[in-house]
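This report is meant for a reader who is meeting the structure below for the first time. Please keep the sequence and the model in view while reading.

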Amino acid sequence: MIDGGAAILMERLGVLLAASAEAAVVEEVVFRGLLLVLCLHVARERGAKRPAFAAAMGSSFVFGLMHVVSSPLPPDVSGLVLAQAALKVVQGTSFGLLMAMLAMRSPRFWQPGPRRYLALGVPIAAHFAFDMAYLAPAVMTTGALPATYLTGNPQDVPLLLVTTVLLFAAAVPCARALMLGWPHEQK
């Protein structure tokens with residue numbers, strides 16, 4: 001039999017696992033499986049010089065923006081809340097670009113039809129791992145998912161700032177590779 005403290009930790013771990021899995025699957029299917037593909041189609045139709053770059057950047061920016069738009073605002077919108085919003089857009093856009101690159105690196109991504117969704121396995125796994133690490137401090141200490149990214153609490157800034165800087169640093173070479181031309185891209 002599990003004692004009370006262990007039962008609470010197991011319950012919190014279950015919340016963390018379920019929330020991370022749901023976000024990873026749903027967001028990757030929507031943003032990389034649907035929106036990225038749609039953006040690629042539109043970029044090609046409009047004659048973009050680098051359609052993979054345009055699609056990855058466009059879908060990633062929407063991904064980053066949606067993490068702010070979907071977050072409820074605290075009652076008093078301060079400069080700190082606005083800074084958190086800006087960081088969250090940069091963080092989400094950078095993360096989205098990394099996930100787009102993971103999807104596009106798979107030859108299956110470039111195949112028409114449902115087989116394209118097989119390219120989402122690696123981004124889903126990476127997204128799951130990121131969310132597990134990012135959400136663990138809040139969920140394991142409080143038992144609840146954060147209600148918003150825009151808290152206005154100074155103690156929430158370090159994790160957001162560090163992950164934003166690291167993700168941005170990783171996304172820059174990805175964006176550069178896409179600007180130079182994506183070798184797997186089919187016209």
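What pattern does the protein follow when it is read along the sequence? Read in that direction, the protein follows the pattern α-α-α-α-α, and the count for this predicted model is accordingly five helices and zero strands. Taken along the principal axes, the box that the C-alpha atoms of the protein fill is roughly 60 × 45 × 25 Å, and 39% of the 187 residues of the protein count as buried.

**Helices H1 and H4**

Two packed helices are described by the angle between their axes and the distance between the axes. For helix H1, residues 4-45, and helix H4, residues 121-142, the axes come within 8 Å and cross at roughly 145 degrees. The crossing of H1 and H4 is right-handed, and the contact of H1 with H4 has, by class, 17 nonpolar, four polar and five charged residues.

Ala18 is a residue that lies in helix H1, where it counts as partly exposed because its relative accessibility is 48%. Along the sequence, Ala18 and Gly5 are 13 residues apart, while in space the separation is 20 Å, C-alpha to C-alpha.

**Two pockets**

Rolling a probe the size of a water molecule over the atoms shows where empty space is left. The largest pocket has a volume of about 480 Å³. It is lined by 25 residues, of which Ala23, Glu27, His67, Leu135 and Tyr149 are the closest to its centre. Two or more residues of this lining come from each of H1, helix H2 (51-69), helix H3 (79-104) and H4, and the largest share, five residues, is that of H4.

The second largest pocket holds about 320 Å³ of space. Of the 17 residues that line the second largest pocket, Tyr134, Ala138, Pro146, Thr148 and Asp156 are the closest to its centre. The elements that give two or more residues to the lining of the second largest pocket are H4 and helix H5 (157-180), and here, too, H4 provides the largest share, with six residues.

The table sets out the class of the residues in each lining.

| Lining | Nonpolar | Polar | Charged |
|---|---|---|---|
| Largest pocket | 14 residues | seven residues | four residues |
| Second largest pocket | ten residues | six residues | one residue |

**Cysteines and disulfides**

A disulfide is a covalent bond between the sulfur atoms of two cysteines. How many disulfides does a search of the whole structure find? The search finds zero disulfides. Why does Cys39 form no such bond? The cysteine sulfur closest to that of Cys39 is in Cys174, and because the two are 17 Å apart, the distance is too far for a bond, given that a disulfide needs a pair of cysteine sulfur atoms within 2.5 Å. Seen from the other side, the sulfur of Cys174 has its closest cysteine sulfur in Cys39, again at 17 Å and too far for a bond.

Is Cys39 buried or partly exposed? Cys39 has a relative accessibility of 21% and therefore counts as partly exposed, since buried means under 20%. Cys174, by contrast, has a relative accessibility of 15%, so that Cys174 counts as buried.

Terms used. Residues numbered from 1 in each chain as written. Predicted model: local features only at pLDDT ≥ 70, side-chain atom pairs only at ≥ 80, totals over all residues. Heavy atoms only, no water. Axes fitted to C-alpha atoms, helices over the stretch in contact; angles between N-to-C directions. Helix = DSSP H or I, 4+ residues; strand = E, 2+ residues; numbered from the N terminus. Left-handed = near helix turned anticlockwise from the far one by under 90°. Nonpolar A, V, L, I, M, F, W, Y, C, P; charged D, E, K, R; others polar. 1 Å grid on protein atoms, 1.4 Å probe; cavity = no way out; pocket = protein on both sides within 12 Å on 5 of 7 lines; lining within 4 Å. Points joined across faces, edges and corners; volume = space filled by probe spheres on them. Buried < 20%, exposed > 50% of the residue type's maximum accessible area, 1.4 Å probe, protein only.
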